[in-house]
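Student: Could you take me closely through the salt bridges of this structure, with the cut-offs stated as you go?

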Amino acid sequence: MREPIPGRLRSRSPNQTIGTGGEFGGVEWEASSSNLSHPSGPIRHNNAMTHQPLPALLLLSLSLLSACTSTTTPTTPTSKTTSPPVASGDDVPTVARATRPAAPNCAVQSLASQVVGGDLAKLSYANRWPTLRTQASASTLAGLLLDTRKLINANYYGFSPVDLQALHETWEANFRKTFGNLQQAVPSTADPLMAQYISAINDDHTFYLSPASYQAFKNQGSGSPTPSPKFGFRFAAVPGEDGAVLIDIDAGTPAAAAGLQRGDTILSVNGVALTRSSSDDNAAASQYSSVLAAAITRGGSVTLGIRRGATPLSIAVTPSIVSSSSVPSGRMLGSTYVLRLPSFATTGTAQRVHDLVRAAQKAGASSLILDLRGNRGGLVSEATGVSAAFAPKLAGQTLEFIDAQDLTFFYDAQSGQVAGRGVCLKNTEALTTIQNPALWTGKLATLVNADSASASEVVTETLQKAGASAFGEVTVGVGNTATTISDLGSGNRGLSVTIARSRALDGQYLTAKVAPNVAVGDDLKALAHGNDLPLEAALGRVQ
């Protein structure tokens with residue numbers, strides 16, 4: 001099973017939440033014998049004085065902006081930074097709020113470079129930035145609140161108008177009222193309050209990660225094998241009915257090898273019917289997850305009773321250890337090629353998309369549908385490379401940081417390179433090279449839903465500008481920013497902070513939410529009975 005993604009996930013319906021196993025307040029379940037969740041994420045050291053490789057950035061499913069004036073150049077914590085001792089008593093020291101200078105100080109290491117350890121190709125819309133502390137105070141409530149102030153006040157560059165200093169003081173008072181002395185060790189009951197505290201910034205790209213969510217994020221970002229066998233699918237309870245409808249099938253997993261498909265509905269496991277014991281869809285999903293996890297624990301092949309449309313099937317699947325990363329896949333539906341892109345978080349995603357586009361052209365497809373539903377984001381360089389397969393002249397963006405050492409990502413069609421340049425970079429740097437790049441020139445549509453975020457929002461908006469139509473639901477709303485995810489306290493908790501604002505190559509800020517050209521709800525009950533409504537609407541337009 002996967003627990004809810006860190007952050008706030010959008011509900012699939014008023015009564016049911018669905019997540020992508022990583023972020024936001026919805027719940028999407030994946031059966032395995034352990035709980036998992038995941039967001040995404042990483043940039044590189046470079047400046048005009050000392051030329052070094054560019055940083056790597058990840059675009060997470062969360063993004064924001066906030067106006068800052070120019071004064072002194074901010075200092076930011078690095079992996080070697082330690083929290084200063086807490087002030088006398090249990091008061092949490094005030095931390096100065098950094099502001100964006102009128103001109104960058106290119107003599108100091110950029111924030112982006114610190115975040116990605118100098119490797120720009122790793123820059124993500126959600127960047128992992130370890131900042132482990134070793135002091136005993138780091139594991140106290142006061143240390144947790146101090147780390148939070150430092151990370152936010154030094155780095156936040158989103159669009160929220162909230163008075164951050166006043167917010168910090170308010171929540172210090174709330175913690176003292178709830179727990180008393182703040183020098184005590186951090187209890188698990190502090191996690192819900194921390195989530196509320198950070199949520200009050202009103203920036204979906206700035207959020208708190210509990211220990212379980214943070215560990216799941218780190219596992220997903222590493223691409224390391226899953227800690228226990230998995231089927232390789234994600235599902236939700238069929239609204240108001242028995243059974244679990246499959247939302248996504250990961251390529252290269254036992255579920256894919258067995259021929260399971262999106263929309264298949266599991267009605268039984270090893271002959272035992274999936275009968276809900278609660279009218280609550282989330283409770284039913286949790287119940288089904290336990291049943292599937294128990295089947296995995298017993299070992300061996302698991303027989304799933306499936307309904308595909310109106311046809312009953314029995315399919316045997318043997319769970320196994322698989323990669324925690326998701327990769328693109330494709331299939332032909334008539335004359336249309338459906339390219340499923342579940343994440344931008346894995347290096348090589350753009351190359352795989354170009355390969356699949358060429359496969360679609362070789363198969364004679366006249367139209368292509370890029371399915372970004374549930375895609376929470378990933379690497380900036382990979383998102384740029386994916387856009388280049390469809391709109392090479394528009395592929396890319398500029399990320400603005402609080403230290404004014406801004407970076408621009410773009411695609412060079414002649415060399416097939418995704419490259420980066422910056423105001424403090426001496427040279428343009430190649431981040432990744434697409435071998436034998438493809439260019440799709442046929443009819444094009446995208447699919448998005450209320451769980452599509454970050455890089456998927458950027459790519460969708462880019463393709464809309466190129467003439468593609470988007471079908472589905474309004475997206476999460478973090479497509480105009482990038483974030484960094486850092487250790488809090490002793491390191492088992494995390495904090496995502498919006499650190500950059502995003503502009504298109506034409507200089508205009510990207511929009512936060514992407515509105516589909518054709519609104520179609522991702523109806524899970526219809527899907528469970530054989531009707532993928534957004535896909536059907538897109539097929540009707542492009543075929």
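Tutor: What follows is a walk through the salt bridges, with a short look at the disulfide at the end.

The model is a predicted one, in which local features need pLDDT of at least 70 and side-chain atom pairs count only at pLDDT 80 or more, while totals for chains, interfaces and linings use all residues. Residues are numbered from 1 along each chain as its sequence is written, and side-chain values use heavy atoms, with hydrogens and water left out.

A salt bridge here is a side-chain nitrogen of Lys or Arg within 4 Å of a carboxyl oxygen of Asp or Glu, and a search of the whole structure finds 20 of them. One of these joins the side chains of aspartate 406 and arginine 100, with 2.8 Å from N to O. Aspartate 406 sits in the loop between β16 (396–401) and β17 (407–412) and arginine 100 in the loop between β3 and α1, so this pair ties together parts that are 306 residues apart in sequence; helices (H or I, at least four residues) and strands (E, at least two) are DSSP runs, numbered from the N terminus. Both aspartate 406 and arginine 100 are buried, where buried means under 20% relative accessible area, exposed over 50%, and partly exposed in between (1.4 Å probe, protein chains only).

In another salt bridge, arginine 262 meets aspartate 522 at 3.2 Å, N to O. Because arginine 262 lies in the loop between α6 (254–257) and β8 (265–269) and aspartate 522 in the loop between β24 (518–519) and α11 (524–528), the pair ties together parts that are 260 residues apart in sequence. Arginine 262 counts as partly exposed, at 23% relative accessibility, whereas aspartate 522 is buried, with a relative accessible area of 6%.

The side chains of aspartate 532 and arginine 373 also form a salt bridge, at 2.8 Å, N to O. This pair links distant parts of the chain, 159 residues apart, with aspartate 532 in the loop between α11 and α12 (533–542) and arginine 373 in the loop between β14 (367–371) and β15 (378–379). Aspartate 532 is buried, with a relative accessible area of 10%, and arginine 373 is buried at 4%. Salt bridges that share partners join Arg234, Asp248, Asp250, Arg262, Arg340, Asp371, Arg373, Asp522 and Asp532 into one network.

Turning to the disulfide (a pair of cysteine sulfur atoms within 2.5 Å), cysteine 106 and cysteine 424 form one, with their sulfur atoms 1.8 Å apart. Both cysteine 106 and cysteine 424 are buried.
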